[in-house]
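The following exercises are to be worked through with the sequence and the coordinates at hand. Each task is followed by a stepwise solution.

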Amino acid sequence: MAMTKRKHISVHAQGGMLRQLFPDSTLKIVGHDKGLIWEGKLQPTNLSITYNIRVEYNIGCNPNIYVLSPSPLPLAKDATKLPHTYNHEKQHLCLYHRLMNEWNERKMIAKTIIPWTSEWLLHYEIWITTGTWHGGGIH
Amino acid sequence: MLTQEEKKQFSEIFETLGETLDITETQYNAAVSSYGAVGEWLAKPESSLAPYKPVIRPQGSFMLGTIIRPVCDDDDLDIDLVCELTGKNPQWAQYHLKQAVGNRLKVNETYRNMLEEEGRRCWTLMYSNSANYHMDILPSLVCNGYNTVLEKAFSSTALGKDYETLAIRITDKKQNNYYTDTSTENWMKCNPFGYCRWFFATADVSTLRKTVVLSEAINPVPKYSVEKLPLQRVVQILKRHRDMMFNGDEDKPISIIITTLASRAYDKETYIIDALTNVVTNMSNYIENRYDPNTGKFVKWIPNPVNSDENFADKWVEHPQREKNFYKWLNQIELDIQAVVQKRGLQYIAEAMKKPFGEQAVTKTFTTFGEMNRNLRESGVLKMAAGTGILSMAGNIVAAAHNFHGND
């Protein structure tokens, strides 16, 4: 059986899927299929609040995910910064292990990065309450 | 108005809270084996009680499945037990029956040391080795073949509501005939098992898969059940709120009143949040006003569902603070539930729950919720709904494996 090598997904296809799954979101393609900026709303559970999220992606790089609002995100009692973030002030989330190849350009952002963002938000809401991150991961 | 999805999630939160408030399987099994040992001791062939075939059976919240842990883990758990004797010496008045049980307990050195001062109706054993609990043992007299009567009433096919046949006779130091009257028809009646049967008839929701095995309730050695009916959870939640509000206060609303009124108001809701909201809104409607010809006044009456002549609120006349506290509590829990239900954001919902139900219990509830979601994702069944990002098992996009990574 021949191995089918999955191709890199184009920026247009990435953006198209994001818009298809989140029709109310906004998408800007940067350059000519060089990158994208997506902004949308995510509500991690039925009882959660809604968060404004921004995804910045340039082909050949890892996508960067930010929580635009609420800003600042309130912290758990006695915490000084948000868990699993690259940059606390920018609310730049660490959703996966870059060196472990958990995401690559053959994967749809809308079907990987976005559910992971939602999951981050869910565990963030619980972290506020318990002071402990229950979502797993690596420090 | 809550959407179905919101109701479902609130119910999950309150279900998890209820599980957190419940005693653990270890505590449960420890209690069962402790009173099982008492039962064996009383029934030994050389026991003075042997001719009366003593049986120890749980009653009260332990039997109803509504027992909760104390607010402080160091505080005592109360376990109510009935000691049934089938028949008695014809010479015995209430006093003699009570002493017969007490004396047999005292023959055992361990129990003698654990016995507390004699109660009005009970003997109390204080356990303080691994777990702290009190066991209130209610000496009682039952008819011949009582166990068969009980089993029949608690079989799944029982249709009759003849609770009266389940009544037992008890002793009460405050009765005038306590020392003298040997004819048991003049002794006080009490019907904990009739009440239990009524409670389960009220709590039973046939549309729910979780059928509680009714016959387990009267088993002297009932199996621990993790699953609870919505009404059982609601009662646990109400009692916890009461404990938080009146920790240690003698004039707090009593469990039997809370349980009875909640059961009366319960309308077979399957979502705990619906049940809870309905119960707190409507339970006070089941408090009656009855005219007392002796005083010419109306008194608040909360009838025992299996004996409407018995008023669970009889102490309210003598202790008006108890009535005040009951209404104060009911008003507060209604406000607290409303406040929780109006919040959005798990962090704000949790915050609103901490004062009414206890910080530790709420933290544990949300820890469980977080870990459950992590497990769902790790087993590949957590899915995201397109358009909203809502995660559940019902979404359309599977949340793939990944590791949240380090800090900046």
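**Exercise 1.** In this predicted model, determine which residues B:Phe154 touches, leaving out those up to four places away in sequence, and place B:Phe154 in its nonpolar core.

*Solution.*
Step 1. The residues touched by B:Phe154 are B:Leu166, B:Phe193, B:Cys196, B:Arg197, B:Leu214, B:Ser215, B:Ala217 and B:Ile218, once residues up to four places away in sequence are set aside.
Step 2. B:Phe154 is among the residues with the most contacts inside the largest nonpolar core, together with A:Trp120, B:Phe14, B:Leu238 and B:Met353. This core comprises 119 residues.
Step 3. Helix α2 of chain A, residues 113-130, contributes the most to this core, namely 10 residues.
Step 4. A second core of 34 residues is separate from it and includes B:Trp41, B:Leu49, B:Ala100 and B:Leu125.

**Exercise 2.** Characterise the interface of chain A and chain B: how much area is buried, and which element of chain A gives the most to the side that touches chain B?

*Solution.*
Step 1. Contacts link 50 residues of chain A with 43 residues of chain B.
Step 2. The two chains bury about 4,000 Å² between them, and 59% of this lies on carbon and sulfur atoms. On the side of chain A, A:Asn46, A:Leu47 and A:Thr129 lose the most area to chain B, together 20% of what that side buries.
Step 3. The polar part includes 24 residue pairs in polar contact, both residues being at pLDDT 80 or more. The count of salt bridges between the chains is 1: A:Glu119 pairs with B:Arg377, with the closest N and O atoms 2.7 Å apart.
Step 4. β2 (35-42), β5 (85-87) and α2 of chain A each supply at least two residues to the side touching chain B. The most comes from α2(A), with 14 residues.

**Exercise 3.** Establish the strand order of the open sheet in chain B that has 3 strands, and explain why β12 and β13 each have one side without a neighbour in the sheet.

*Solution.*
Step 1. The order is β12-β11-β13, with antiparallel pairing.
Step 2. β12 (391-392) and β13 (397-398) of chain B occupy the edges and have a single partner strand each, so one side of each lacks a neighbour in the sheet.
Step 3. β11 (residues 383-384) of chain B pairs with β13(B) over 2 bridges, and B:Met384 lies opposite B:Ile397.

**Exercise 4.** Describe the hairpin of β7(B) and β8(B).

*Solution.*
Step 1. β7 (residues 288-292) and β8 (residues 297-301) of chain B run antiparallel and are joined by 5 bridges; B:Arg290 has B:Val299 as its bridge partner.
Step 2. Between the strands are 4 residues, and B:Gly296 in this hairpin adopts a positive phi near 75°.

Definitions and conventions:
Residues are numbered from 1 along each chain as its sequence is written. Chains are lettered from A and ligands numbered from 1 in the order in which they are written. This is a predicted model: local features need pLDDT of at least 70, side-chain atom pairs count only at pLDDT 80 or more; totals for chains, interfaces and linings use all residues. Side-chain values use heavy atoms; hydrogens and water are left out. Two strands pair if DSSP finds at least two bridges between them. A nonpolar core is a set of buried Ala, Val, Leu, Ile, Met, Phe, Trp, Tyr and Cys residues joined through side-chain atoms within 4.5 Å. Buried means under 20% relative accessible area, exposed over 50%, partly exposed in between (1.4 Å probe, protein chains only). Contact means heavy atoms within 4.5 Å. Buried area is the accessible area (1.4 Å probe) that two parts lose on being put together, summed over both. A salt bridge is a side-chain nitrogen of Lys or Arg within 4 Å of a carboxyl oxygen of Asp or Glu. A polar contact is a pair of N or O atoms within 3.5 Å; within protein, one must be able to donate a hydrogen and the other to accept it, and residues adjacent in sequence count only if both atoms are side-chain atoms.
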